[in-house]
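Morning, everyone. Please have the sequence and the model open in front of you. I will talk you through one fold, piece by piece.

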Amino acid sequence: MPFLDLETSLPAAQLPQGLASKLCSAAAAILSKPEERINVTVKSDLPMMVGGSAAPCAQLLVSSIAVVGSAEQNRGHSGKFFEFLTKELGLGADRILIRFYPLEPWQIGKNGTVMTFL
C-alpha cells in the first residue's frame, strides 16, 4: 500500500490536468503494485526552497511496505520517478527531491485494524 505525497511550489494552474491520476499510474508501474493500492496526494502553491533557492521546485515522498527498503530498490525507483516528474512538471532534476520511507505492516491502519492482520 504505497503512499505518495507530491509537494510543489508550482501554482495549481501550472500543473498538468490529471496529475494525481498520472502519478498513481506511474507509481503502480514503478513500484510493481496494483493501482487500487496506490494513495496519492498532490499539494501545490507551497512556499518551498531546495538547495537554498526558492525557484520552482518539488519533492516527492514515497512510503511503502517492502518496495522502498534498500538503496538498490530506490536507485531504480528514483530514476523512473525523476523521468516522470521532470516531464510532467517541467522542472529540472536539480529542482526535485525524492524521499523514500520504508513502512512496516503494523504502521498502516485500514478497515479498523492494521495491515499486519489483513
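I will go through the strands and helices, then the cores, then a few single residues. One thing to keep in mind throughout: this is a predicted model.

Let's start with the front half of the fold. Strand E1 covers residues 3-8. Strand E2 covers residues 39-43. How many bridges join E1 to E2? Five, and the two strands run parallel. For one example, find Leu 6, whose bridge partner in E2 is Val 42. Helix H1, residues 19-31, comes next in our tour. E1, H1 and E2 together make a β-α-β unit, and that unit is right-handed.

Now look at H1 itself. How far apart should its ends be? H1 has 13 residues, so at 1.5 Å a residue it should span 18 Å. Its end C-alpha atoms are 18 Å apart, so the two figures agree.

Which residues of H1 are buried? They are Leu 19, Leu 23, Cys 24, Ala 26, Ala 27, Ala 28, Ile 30 and Leu 31. A quick reminder on helices in general. An α-helix has 3.6 residues a turn, so residues three or four places apart point the same way. Back to our helix. The cover over the buried residues of H1 includes E1, E2, E3 and H2.

Next, the other β-α-β unit. Strand E3 is residues 58-65, helix H2 is 71-89, and strand E4 is 96-103. E3 and E4 run parallel, joined by eight bridges. Take Ser 64 as an example: its bridge partner in E4 is Pro 102. E3, H2 and E4 form a right-handed β-α-β unit.

H2 has 19 residues. From first C-alpha to last, H2 reaches 25 Å, close to the 27 Å expected at 1.5 Å a residue. The buried residues of H2 include Phe 81, Phe 82, Phe 84, Leu 85 and Leu 89. Some polar names are on that list too, among them Asn 74, His 77, Ser 78 and Glu 88. E1, H1, E3 and E4 are among the elements that cover the buried residues of H2.

On to the cores. In soluble globular proteins, nonpolar side chains tend to be buried together. Here, the largest nonpolar core has 27 residues. Which members touch the most other members? Leu 4, Leu 6, Leu 60, Val 62, Phe 81 and Leu 89. Five elements give two or more residues to this core: E1, H1, E3, H2 and E4. H1 gives the largest share, eight residues. There is also a second, separate core of five residues, including Met 1, Ile 65, Ile 108 and Met 115.

Zoom in on Phe 81. Set aside its neighbours within four places in sequence. Phe 81 is then in contact with Leu 4, Leu 23, Ala 27, Ile 30, Leu 31, Leu 60, Val 62, Ile 98 and Phe 100.

Now a serine in a strand. Ser 63 lies in E3. Is Ser 63 buried or exposed? Its relative accessibility is 13%, so it counts as buried, the cut-off being under 20%. Leaving out neighbours within four places, the contacts of Ser 63 are Met 1, Pro 2, Phe 3, Tyr 101 and Leu 103.

Cysteines are quick. Cys 24 is buried, at 13% relative accessibility. Cys 57 is buried as well, at 0%. The disulfide count is zero.

Last topic: phi angles. Most residues other than glycine have a negative phi. Where are the exceptions here? One is Ser 32, with a positive phi near 55°. Ser 32 follows H1 and sits in the loop between H1 and E2. At 63% relative accessible area, Ser 32 is exposed. Another is Asp 45, with a positive phi of about 60°. Asp 45 is in the loop between E2 and E3, and it is partly exposed, at 49%. Just after H2, Gly 90 has a positive phi of about 70°.

One final stop: Glu 104, in the loop between E4 and strand E5. Glu 104 is partly exposed, at 43% relative accessibility. Its C-alpha atom is separated by 16 Å from that of Gln 73, 31 residues apart along the chain.

Conventions:
Residues are numbered from 1 along each chain as its sequence is written. This is a predicted model: local features need pLDDT of at least 70, side-chain atom pairs count only at pLDDT 80 or more; totals for chains, interfaces and linings use all residues. Side-chain values use heavy atoms; hydrogens and water are left out. A nonpolar core is a set of buried Ala, Val, Leu, Ile, Met, Phe, Trp, Tyr and Cys residues joined through side-chain atoms within 4.5 Å. Buried means under 20% relative accessible area, exposed over 50%, partly exposed in between (1.4 Å probe, protein chains only). Helices (H or I, at least four residues) and strands (E, at least two) are DSSP runs, numbered from the N terminus. Contact means heavy atoms within 4.5 Å. Two strands pair if DSSP finds at least two bridges between them. A crossover is right-handed if, with the strands pointing away from the viewer, the path from the first strand over the helix to the second runs clockwise. The expected span of a helix is 1.5 Å times one less than its number of residues. A disulfide is a pair of cysteine sulfur atoms within 2.5 Å.
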